[in-house]
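Work through these exercises with the structure open beside you. Try each task before you read its solution.

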Amino acid sequence: LDIVAGRTSTPRGQSTTPTHVPEPPRETVNREHAPDDEAVLDLIRSARRVVIVPGYGMALSQAQHHVKTLFDALERFGKDVMFAIHPVAGRMPGHMNVLLAEADVPYEKLCEMDAVNPLFGETDLVIVIGANDVINPAAATAAGTPIYGMPILLAHEAKAILVFNKDTLPGYAGVDNPLYARDNAFLFPGDAKERLDILIRALNS
């Protein structure tokens, strides 16, 4: 149950350095970007299949209506857009479904993990909104940690990944996420709703 909340930073008072996962090299390239960077907009313009991955951070930021606005913009631009739903993302099973339904996201656009995982390798762009542990590739390698062996969404297999998380600290399970250091990852730390608002305005301008 310690990964169910899917938080994007470790609770106060807990260590953020896991004992079983090596820290990323200090020389790792800074992959933080502004949402309206031309390189980011070009990625979105050129993408054909886009998968949006919501997590607990979306709930904390109350960004579900911004996510729906982004979804509408992407569809208007002719993208094939779907949502990847992890069964334990959020505070309870079905949490993401409830929030997205509240924002009027069509139910048929919500894809369960088993259905969407085979598609990530052929996906041009993944947009992560406040998800961490449920997309952490270390689940396959970090023996002895709470997420070891946990099925995850294979977002790291996509051609490019935009990450709208509050920060790059370990998630609730306390395990560093190597996805953040990948060459195909673009990071947008801060409040998801505010950062998405910048992206949406740039796309519509």
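**Exercise 1. Lay out the sheet.**
Find the strand order of the open sheet, then name its edge strands.

*Solution.* This is a predicted model. Start with the order: six strands run S3-S2-S1-S4-S5-S6. Their pairing is parallel. Next, look for strands that pair on one side only: these are S3 (110–112) and S6 (185–187), the edge strands. Finally, check the twist. Neighbouring strands are turned by 25° against each other on average, direction ignored.

**Exercise 2. Follow strand S1.**
Work out how S1 is joined to S2 and to S4.

*Solution.* Take S2 first. Four bridges join S1 (residues 49–54) to S2 (residues 80–85), and the two run parallel. Locate two of the facing residues: Val50 stands opposite Val81, and Val51 stands opposite Met82. Now turn to S4. Five bridges join S1 to S4, again in parallel. Here Val53 has Val128 as its bridge partner.

**Exercise 3. Sort the residues of S1.**
Decide which residues of S1 point one way and which the other, and whether they are buried or exposed.

*Solution.* Group them by direction. Arg49, Val51 and Val53 point one way. Val50, Ile52 and Pro54 point the other way. Then check the cover: six of the six residues in S1 are buried. The cut-off for buried is under 20% relative accessible area.

**Exercise 4. Add two helices.**
Identify which strands H3 and H4 meet, and at what angle each helix runs to S2.

*Solution.* Begin with H3 (residues 64–76). H3 packs on the sheet and touches S1, S2 and S4 (125–129). Its direction makes about 145° with that of S2. Move on to H4 (residues 95–102). H4 lies across S1, S2 and S3, at about 140° to S2.

**Exercise 5. Explore the cores.**
Find the residues with the most contacts inside the largest nonpolar core, and the helix that gives the most to it.

*Solution.* The core has 37 residues. Those with the most contacts inside it are Ile52, Phe83, Ile127, Ile129 and Leu162. Helix H6 (residues 192–204) gives the most, with six residues. A second, separate core has 22 residues, including Met113, Val126, Ala185 and Leu187. Now zoom in on Phe83. Beyond four places in sequence, its contacts include Ile52, Pro54, Val67, Phe71 and Leu100.

**Exercise 6. Judge the confidence.**
Where does pLDDT stay under 50?

*Solution.* Start with the whole chain: the average is 86, and 85% of the residues score at least 70. Then find the weak stretch: residues 1–29 stay under 50. Where pLDDT is low, the predicted coordinates should not be read in detail.

Technical notes: Residues are numbered from 1 along each chain as its sequence is written. This is a predicted model: local features need pLDDT of at least 70, side-chain atom pairs count only at pLDDT 80 or more; totals for chains, interfaces and linings use all residues. Side-chain values use heavy atoms; hydrogens and water are left out. A nonpolar core is a set of buried Ala, Val, Leu, Ile, Met, Phe, Trp, Tyr and Cys residues joined through side-chain atoms within 4.5 Å. Buried means under 20% relative accessible area, exposed over 50%, partly exposed in between (1.4 Å probe, protein chains only). Contact means heavy atoms within 4.5 Å. Two strands pair if DSSP finds at least two bridges between them. Axes are lines fitted to C-alpha atoms, for helices over the stretch in contact, and angles run from 0 to 180 degrees between N-to-C directions. pLDDT is the predictor's confidence in each residue, from 0 to 100.
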